[in-house]
Amino acid sequence: MARKIYVFDTTLRDGEQVPGAKLNLVEKLDVAEQIAKMKVDMMEVGFPSSSQGDFEAVQAISRKIGKDVSIAALGRAVRSDIDCIYESIREAENPLIHIVLGSSDVHVSKKFGKTPQQVIEMGVGAVKYASSLLPQVQYSLEDASRSEFDYLWQTIEAVVKAGATIINVPDTVGFAIPEKFGQLIYRINDRLKNLDPKVMLSVHCHNDTGLATANTLAAVKNGADKVECTINGIGERAGNTSLEEVVMGIKLHGDYYGGYTTVDSHQIYETSRMVSATMGLDIQVNKAITGENAFAHSSGIHQDGLLKSKDVYEIMDPETIGAPAMEIVLTARSGRHAFAHVTSRLGFDIPETLSAEIYKKFLLMADEKKEIYDNDVLNLLNSCSLVC
Ligand code: KIV
Ligand code: ZN
């Protein structure tokens, strides 16, 4: 039976960590409302102990967003951070405390200067305290993909017994590769489901080698119940797993993954544009799903095929993500079929006797200008006396 894959958006926490992308309270509220419209399951909206501004934004979002989306905030495994998270999210209808603590050797010895056992005790103490405040507690084993498996499991077992309801396995530095990450998730899931089947297994990947989406989907295939991601894949360094890529991956290949998501993909385009504009972060033109060229076709062969039937070269209808219809970009590689499509869209029916000559002129123009826009076509038709 297909299982639900929970989508946790962290655009307003990990995404907002991009230098220069900081939002003010009103902007954060607007973005949070748009993300909620997308019907994600959980939304992480800040690190309240980091600043008064972050605290207030988390609190305002918690008051505004309804019960359908769980509101999460992040903090370290220390009481003062947990108190701050609790204060900022307690008015949310469905709040979630998120605690992060390193689990790899470098984190344990170099970052904390503690013994592995001391770090486990710190995590257990934090989870016990957090779960005395709220029922939903997520524990993230920072740098999990570079951690030693036995230690990882020892920590998971201890924090689950202490009350953690979600175990998050981050590839913090984007080091993982899909096959290995999938195996890691498989091993954890196998034990976790025996330990407590109610505990959710989550993943959080970074994109340092461009594999965040592949790693996340490999994790889903191997038992992950929940995925963490950001709109447009924004986030620390090379960014996080892109929400739109994972959501569409699951929607297009639900049978393979044995899962589904209830995210409303029709809101993706608008959310993507809003996040980009509000945070001042341009979207790469060839970005999968949301880039400007994601549904633009310029090769003559492709244009001809598409005009015969869209599914020849389109794996999803742009409408599925709320994007404008596919675009035929006229260039010197466009054939007569594509050119006729554009002229007819502009309202012209070119007589057979003139079509060869006009197409020749179009090619000359395209060689010179590279890309031909509607206005260029109108000018061309005008020069051929087809437009008054
Ligand atoms: O990358 C990371 O490890 C994180 C954790 C807080 C989940 O962002
Ligand atoms: Zn992260």
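This briefing describes the overall make-up of one protein chain and then follows a barrel, one of its strands and a helix that lies across it. The model is a predicted one, and its protein chain of 388 residues contains 15 helices and 12 strands. Within this chain, 8 strands close into a barrel, and the bullet points below look in particular at strand β6 and helix α5.

**The chain as a whole**

- Taken along the principal axes, the C-alpha atoms of the protein chain fill a box of roughly 85 × 40 × 40 Å, and buried residues account for 44% of the 388 residues.
- Of the contacts between residues at least 6 apart in sequence, 72% join residues that are at least 24 apart.
- The UniProt record, an unreviewed entry, places the feature "domain: Pyruvate carboxyltransferase" at residues 5-269; over residues 5-269 the chain is 45% helix and 17% strand, with the end C-alpha atoms 21 Å apart.

**The barrel**

- The barrel is closed by strands in the order β2-β3-β4-β5-β6-β7-β8-β9, and the pairing is parallel; on average, neighbouring strands of this sheet are turned by 25° against each other, direction ignored.
- Helix α3, at residues 79-89, lies across β4 (70-76) and β5 (95-102) and runs at about 160° to β4, while helix α5, at residues 116-133, lies across β5 and β6 and runs at about 175° to β5.

**Strand β6 and its two partners**

- On one side, β6 pairs with β5 in the parallel sense over 6 bridges, and L141 in β6 is the bridge partner of L101.
- On the other side, 3 bridges join β6 (residues 137-142) to β7 (residues 166-171), and these two strands run parallel; S140 stands opposite N168 in β7, and Y139 has I167 in β7 as its bridge partner.
- From β6 the chain crosses through helix α6 (residues 149-162) to β7, in a β-α-β crossover that is right-handed.
- Strand β6 is largely enclosed by the rest of the structure, because 6 of its 6 residues are buried.
- In a regular strand the side chains alternate between the two faces of the sheet. In β6, V137, Y139 and L141 point one way, whereas Q138, S140 and E142 point the other way, and all of them are buried.

**Helix α5 and residue G123**

- Helix α5 has 18 residues and reaches 26 Å from its first C-alpha to its last, which is close to the 26 Å expected at 1.5 Å a residue.
- The buried residues of α5 are V119, I120, G123, A126, V127, Y129 and A130, and what covers them includes α3, β5, α4 (105-111), β6 and α6.
- G123, which lies in helix α5, has 25 C-beta neighbours inside 10 Å and therefore counts as buried, given that the cut-off is 20 or more.
- Leaving aside neighbours within four places in sequence, G123 is in contact with A77, L101, Y139, T155, A158 and V159; of these, L101 is the bridge partner of L141, and Y139 is the bridge partner of I167.
- Although G123 and A77 are 46 residues apart along the chain, their C-alpha atoms are separated by 6.0 Å.

Technical notes. Residues are numbered from 1 along each chain as its sequence is written. Chains are lettered from A and ligands numbered from 1 in the order in which they are written. This is a predicted model: local features need pLDDT of at least 70, side-chain atom pairs count only at pLDDT 80 or more; totals for chains, interfaces and linings use all residues. UniProt positions are given in the numbering used here, feature names are shortened, and annotations may be inferred rather than shown by experiment. Helices (H or I, at least four residues) and strands (E, at least two) are DSSP runs, numbered from the N terminus. Two strands pair if DSSP finds at least two bridges between them. Axes are lines fitted to C-alpha atoms, for helices over the stretch in contact, and angles run from 0 to 180 degrees between N-to-C directions. Two residues are in contact if their C-beta atoms, placed from the backbone, lie within 7 Å. A residue is buried if 20 or more other C-beta atoms lie within 10 Å of its own, exposed if 12 or fewer, and partly exposed in between; C-beta atoms are placed from the backbone. A crossover is right-handed if, with the strands pointing away from the viewer, the path from the first strand over the helix to the second runs clockwise. The expected span of a helix is 1.5 Å times one less than its number of residues.
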